[in-house]
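Visitor: Could you pick one spot in this protein and walk me through it closely? After that, I'd like to hear how a couple of other places look and what the whole chain adds up to.

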Amino acid sequence: MRNPPLHRYATRPGLYFTDDGGADVVVRSETADQVWLCVLEPIDKPSAFFQDSIRLFSDPNTSFIQQIHEFPVCTRILEHLYLRETLFRMTGPNYGLWYVHLPKAWDGMQYGYRVDGAWDPKHGVRFNPYKFLLDPYSKGIEGSMDLDPAAFSYECTVKDRKVIGSAYGTMSTIDSLGHVPVSVAIDDRDVHKHEGDPDHPHVPWRKTVIYEMHVKGFTANAPWLPEELRGTYAGLAHPITLAYLQNLGVTSIELLPIQAKQDELFLQEHGRKNYWGYSTLSYFSPEPSYATKAAQEKGATAVRQEVINMVRALHEAGFEVIMDVVYNHTCEGGVEGPTVCWRGLDDLAYYRHQKSNAGRLEDTTGCGNTFDFTNTHVVTFAIDSLRYWAKRIGIDGFRFDLGVTLARLNGEFTQHHPFLYALRSDLLLGNLKLIMEPWDLGNLGWRTGQFGIPFAEWNDRFRDTARTFWLEDVDGSADYGRTSLQEMATRLCGSADLFATDPGRGATASINFVACHDGFTLTDLTRYRTKHNEANGEHNNDGSSNNHSANFGVEGITNEPEIIAAREQAAMNLTGTMLLSLGTPMMLAGDEFRNTQDGNNNAYCQDNNLTWLNWDWLYSPHKTREMRRLETVSQLVSLRKSLDLYHHEDFFTRLTQLGLLKPSSRVKWFLPDGSSPVERDWFDLGIRSFTMRLLSNTEVDVCIVVNGVAENRDFHLPDDSTWVPKWCSAEVNGMWPGQGGHVMADQDSEDISVWMQHVQNADATVRRLAEEARAKAAAEPVESAKSTDQVRTVQSHTTQLSDEESTVTAEFPAVKRAHATAAKEKTTADKAAMDAEQLLRVTEALNAVGQSAAAILNDDAVNATDADETTAANVWTMPALSITLMKQVQH
């Protein structure tokens, strides 16, 4: 029996090129009276639809909307926009879908929709055919929205950048075309488009180290990139950028939203930008502003190709690419917001409305609207979008912003939501990395650990526990600790109390982090006790006030060596806890080299140097604190990746129903005197020092030694083995675990920066700047980083560079001034890309950093004297307020 012929049109919304040179176009609007497809062409070129369309002229007795109802295809000339708009009346609705076949279509074609229907805003119906609407499935976007009355479906005015009018008033009759973005068709039918693509890394969860970054902010100030590549997709794909990420050791790059965005009305009224991008304009189109100027000028197809090339480059370098996606709300905001797409297509179908007042929108996102994921077609829309990014662009996973909103049925969260089942059961998406932000602003919005297999989730309990233990309790803001041994042990062992929810669900479901884009950076956590968001223009009322941060006696920057040292060690304690805990660690870009946002914990609207990473420290001829932290973090990442003890998804231990830790064959616990904790010890808030031993049947054991008190302390490690320290948070200040009641001073660190040795050679201008910097340094000598009369101590180490000087050093101002002068003198030839030999030198510099991190993995590097000492006695003195990784020595 033969199958019946397929329906003439596609059954999913979108624009589909056909073999006859045209395209099938489908859009969903379940309650509209009429829908038109609108194609835009420049006036100075012949129209592709001349034979099919009726020309419209201005008629004082007939409105434009009345005219387009009369003809199936009509055209009008918009001289002020230099455009021709051809409107095709669509057929429908057929199960909520409207159809039309375009006789001609081409790559780069600009188009959109107009929709007519009832205007009854008090009942949530806001159809307005004067508004030009985006295709929700468009693969390209061009243009942006103007803060103009034309962009709003209701009558309003704009005065002093403020929108004045009622969303429940009269329908606007101002045409929005020219004031809103337009959709762009992209022809991606080429069957050979993925030939030659590198294999996806497919990093197992158990070996994953996530690095969260902003595409623009990561390279906007990158000194190794030519100006035209800074802050772009291409800049992220540059060989030196990739080499930096490789030598840091992370495996998976999580990008803040790169789907096309639009600034919220509130920000537009105040003249600011949505830097983070959590205000989506199109779920199929990449954000054009992150592309190079050359790609933007060529159009949406070139922008999309630059994104694809970035993903390919990251794959070839061995990285997974995870996208942060925002399906909980759109850029249209509340009912007072503009009409650019969904509101004009079908407000009732796309958005959740209040049950008691259909004219108002439910808002569990804090952004004015909420997508209605009880509507099957909204779920389908999201799945289609995710599949597109995975299949066509090559994305390896997704992190879902405000994931609880996506799983609410009748307003309440359920892990059995159809959207979650759709993700699980999809053959493509179900095998990718799926990460949930497990909270929203709705009723009972905190749901950490409740999404189940196969989802991973951000673990806010881990974040708050680590911050409280290493910052709040240490900073002396309370008379006693607030974190019990049981709480710390549970977080170190993978948070089984939260994530052991389903049979087979393991600790890798816990995304362990101490800082992310939303909140303080790691450095600011140790500098500021309170938020400083005045630059956001909301009188410091925005952003969380519950940060569990500390300032160690001084709010903000200080020159006090003791405070600087305490802050650096606290930052490394947090990093060490994150990377030495079972679960999936996630780092925030820049935390590995002391990036700061000056105390702003909600920098979503700061598209400037406040949020762009500062790479000035690369110019210093000496190791700044930035370089020392980078090397320390790189070493720890490399160590974690080398230990099979972390390469599994099981929990080290579980909790009983009584809340007590079950005995485990994989982990043992010891107090500093070598004894095992008894029941009361697990809840004693005075116990802040302990040893966690991870046992392995296939390799050496390791001990995680936590000294949470403000003095050096002796720890009796298990006597059945010999132990050597492999990493310590105190080494960032030049201190190292010792024996005999004393800590050691680290004298084995080279003070010359490998970056200065190699990066300078890559460019004659920068090399000259370095020589000028050295000359100025000789004229104004600074204290040496190493003293020949005494070993490096915490104080001498921190006196070398004040907190203010640490990012630029004493000689950097001269470099900066000279660099600015030299930049004006640069010729076009100077801006050419580095040749292969120069790239090799820079890569060698990065490799040197990586080798210094890898060298610590070699047990043979431990000299015989150290081994003899550890054999003789297993009592180690740990630096105050530190976390240390001790490794068993094989004999």
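Guide: Before we touch anything, one bit of vocabulary: contact here means heavy atoms within 4.5 Å. Also keep in mind that we're looking at a predicted model.

Let's go to Phe49. You'll find Phe49 in the loop between strand E3 (34–42) and strand E4 (54–55). Is Phe49 buried or exposed? The relative accessible area of Phe49 is 0%, so this residue counts as buried, the cut-off for that word being under 20%.

Who sits around Phe49? Setting aside residues up to four places away in sequence, Phe49 touches Val39, Glu41, Thr86, Phe88, Leu102, Pro103, Lys104 and Trp106. Take Leu102 from that list: Phe49 and Leu102 lie 53 residues apart in sequence, yet 9.2 Å apart in space, going C-alpha to C-alpha.

That ties in with the overall picture. Among the protein's contacts with a separation of 6 or more, 73% are between residues 24 or more positions apart. As for burial, 60% of the 891 residues in the protein are buried.

Now hop over to another loop residue. His329 is in the loop between strand E18 (320–325) and helix H8 (342–350). His329 has a relative accessible area of 2%, so it is buried. The side chain of His329 reaches the backbone oxygen of Tyr278 at 3.1 Å, and it also makes a polar contact with the side chain of Asn328, at 2.5 Å. Skip the neighbours within four places in sequence, and His329 is in contact with Tyr278, Ser279, Tyr283, Thr365, Cys367, Asn369 and Phe371.

For a helix pair, have a look at H11 (residues 460–472) and H15 (residues 561–579). Their axes come within 10 Å and cross at roughly 145°, and the crossing of H11 past H15 is right-handed. On the H11 side the contact is made by Phe462, Ala466, Arg467, Trp470 and Leu471, and on the H15 side by Ala570, Asn573, Leu574, Thr577 and Met578. Sort the residues of that contact by type and you get seven nonpolar, two polar and one charged.

Zooming right out, the protein has 22 helices and 34 strands. Its accessible surface comes to about 34,900 Å², with 50% of that belonging to carbon and sulfur atoms.

Key. Residues are numbered from 1 along each chain as its sequence is written. This is a predicted model: local features need pLDDT of at least 70, side-chain atom pairs count only at pLDDT 80 or more; totals for chains, interfaces and linings use all residues. Side-chain values use heavy atoms; hydrogens and water are left out. Axes are lines fitted to C-alpha atoms, for helices over the stretch in contact, and angles run from 0 to 180 degrees between N-to-C directions. Helices (H or I, at least four residues) and strands (E, at least two) are DSSP runs, numbered from the N terminus. A crossing is left-handed if the near helix is turned anticlockwise from the far one by less than a right angle, and right-handed if clockwise. Ala, Val, Leu, Ile, Met, Phe, Trp, Tyr, Cys and Pro count as nonpolar, Asp, Glu, Lys and Arg as charged, and the others, Gly among them, as polar. Buried means under 20% relative accessible area, exposed over 50%, partly exposed in between (1.4 Å probe, protein chains only). A polar contact is a pair of N or O atoms within 3.5 Å; within protein, one must be able to donate a hydrogen and the other to accept it, and residues adjacent in sequence count only if both atoms are side-chain atoms. Accessible areas come from the Shrake-Rupley method with a 1.4 Å probe; for residues, only the protein chains shown count as cover.
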